[in-house]
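Reader: I am new to this structure and would be grateful for a close look at one part of it. Please describe the sheet of the second chain and its surroundings.

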Amino acid sequence: MNVPNELLHRRDVVNELLRDRSDLLVVAGLGAPNWDISAAGDSPNNFPLWGAMGAAAMMGFGLAIAQPKRRVLVITGDGEMLMSLGALATIAVQNPANLTIAVLDNERFGETGMQKTHTAAGVDLAGIATAAGFRTSRIVRTMAEVTEIRDLAHRGNGPVFAQVKINPEALYFVLPPADGGILTTRFRQSVLGDGSLYN
Amino acid sequence: MADLQKKEPVALPTWPDEVYRVLKDADVRQVGMVPDAGHSRLIRAFEADPQARVITLTTEEEGIAMLAGAWLGGERGVLLLQSSGVGNCINMLSLPMICRMPLLMLVTMRGEWGEFNPWQVPMGQGTRAVLEAMGVIVTRADEPHLVASTVSGAANLAFNTWRPAAVLIGQRVLGAKNFKELARK
C-alpha cells in the first residue's frame, strides 16, 4: 500500500482519516464519499449529503466558523469539488483554521458510469487550492501522506486541502439515514445538546 | 427639461438600518453575500459589527450551503443577493428544503419597475416563480417603511419553522439606475 504509483483504496483512506475521530465533525459530498464515511461507521457527527452537488466544502466552512473550537473535515469527490471551485477562493479568503477538505480523486464521475472528470486530464485541484491561498494544500498518493492529512485535520493549522489520488473502484454502498430532517436533528443534538430540540 | 434632469437632494434611505436591527434581534451572525447596490448600507453595518462575519461569495449558491453548515453548528445567518443570483441557487435550495433547515434570503429586485437594462428582465420576472417552485416562502416589500417588518416576519418564519423564506425588496424601494445618465460624459 505504500508502493509509490499504486493507487490508494478509497475506504482505506477514509478509515485512516477518521481513525480515533474523537469529536471530529464530518461533512461528506454526495455519492461514494457518503457511502465511504458510512462504511467507516455511521455517526451523529457525520453529515452525509445525498444531493446538493457542490455543497460540501461551503457547508463544512459554515459549520467550521459556527463551531471554531471543533475540527471539521469535508470528504468529497473530484466531480463534486469541481462544481464549486469558487468555494475554494471564498474559503481561502476567510482562512478557517479548523477546516480540512479532503478530495477523494478517482478522476471519474463514479455514480453515473465512471465518465472522466477534468482531473483525469490533469486539472490540479491542489494547485488551485494553493493558488487560492490555502495554508496547506497537497496531492496525496501514499497512506503515510494520508496519515499526515489525518493529523492535520485533527490538530493542524488550517485551512488544509488534500487531493487524494484513489483507485476508480466501484464498491458496495453503505447507506446512512436518507431523511434530511433526521440527519440535521441528530447532528445538532450531538453538537449543540438537547436544547437544540426546542425552539 | 434641464430642470427636470437636475438631481434633487435626497435623504439617504434608512430602511437598511432598521433591517440591520431586525437581523441583530434575530441573532444573525453569518452574512453571506454577492453584493448589490441596494444592500450596500446593510453590508457596511455588518462589516462594522464585530459579532457578525460578512462572507463575500463567488456565487450565491455557496451561501445556501454555508448557511446550512451554520445551522448545523448552531449559528444563524442571512443571504444577501440580487434577483439575478436567485437563479444560481435553484438546485442548492434542495438542501434547506429536504433537511428542514431555516434559510433567510433578502433579494433586491432588478428587471422590474423602472428597469433600464433589458438583460435584467428575464431573471427579475422569474425570481418569485423560481423561489416558489423550490418551496421557498416568498414575501415582498414595495415601500421603504414596510421592508423591516417584512424581513422580521420572514426571519421568524424561517428560524422558527425551519424552512427557506425570501424577502423580495422591490425596485421601487431601491430606485432604478438610469444608464443613459451614467453614460453621459
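Author: The following account takes up the sheet in chain B, then the contact with chain A, and lastly chain A itself. The model is predicted, so to be used local features need pLDDT of at least 70 and side-chain atom pairs pLDDT 80 or more, while totals for chains, interfaces and linings use all residues. Residues are numbered from 1 along each chain as its sequence is written, and chains are lettered from A and ligands numbered from 1 in the order in which they are written.

In chain B, 6 strands form an open sheet in the order β2-β1-β3-β4-β6-β5, with parallel pairing. Strands (E, at least two residues) and helices (H or I, at least four) are DSSP runs numbered from the N terminus, and two strands pair if DSSP finds at least two bridges between them. Because β2 (53-56) and β5 (137-141) of chain B each have a single partner strand, they stand at the edges, and one side of each is left without a neighbour in the sheet. On average, neighbouring strands of this sheet are turned by 20° against each other, direction ignored; the axes are lines fitted to C-alpha atoms.

Strand β1 (residues 28-33) of chain B pairs in the parallel sense with β3 (residues 76-82) of chain B over 5 bridges. There, B:Gly32 has B:Leu79 of β3(B) as its bridge partner, and B:Gln30 has B:Gly77 of β3(B). β1(B) also pairs with β2(B), in the parallel sense over 4 bridges, where B:Gln30 stands opposite B:Arg53. Between β1(B) and β2(B) the chain passes through helix α3 (residues 40-47) of chain B, in a right-handed β-α-β crossover; right-handed means that, with the strands pointing away from the viewer, the path from the first strand over the helix to the second runs clockwise. Of the 6 residues of β1(B), 6 are buried, that is, with 20 or more other C-beta atoms within 10 Å of their own, these atoms being placed from the backbone.

The edge strand β2 of chain B also belongs to the contact with chain A. Here 27 residues of chain B are in contact with 30 residues of chain A, a contact being two C-beta atoms, placed from the backbone, within 7 Å. β2, α4 (61-72) and α6 (94-98) of chain B each supply at least two residues of this side, and α4(B) gives the most, with 9 residues.

Chain A has 8 helices and 8 strands. Buried residues make up 47% of its 199 residues.

How values were computed
Axes are lines fitted to C-alpha atoms, for helices over the stretch in contact, and angles run from 0 to 180 degrees between N-to-C directions. A residue is buried if 20 or more other C-beta atoms lie within 10 Å of its own, exposed if 12 or fewer, and partly exposed in between; C-beta atoms are placed from the backbone.
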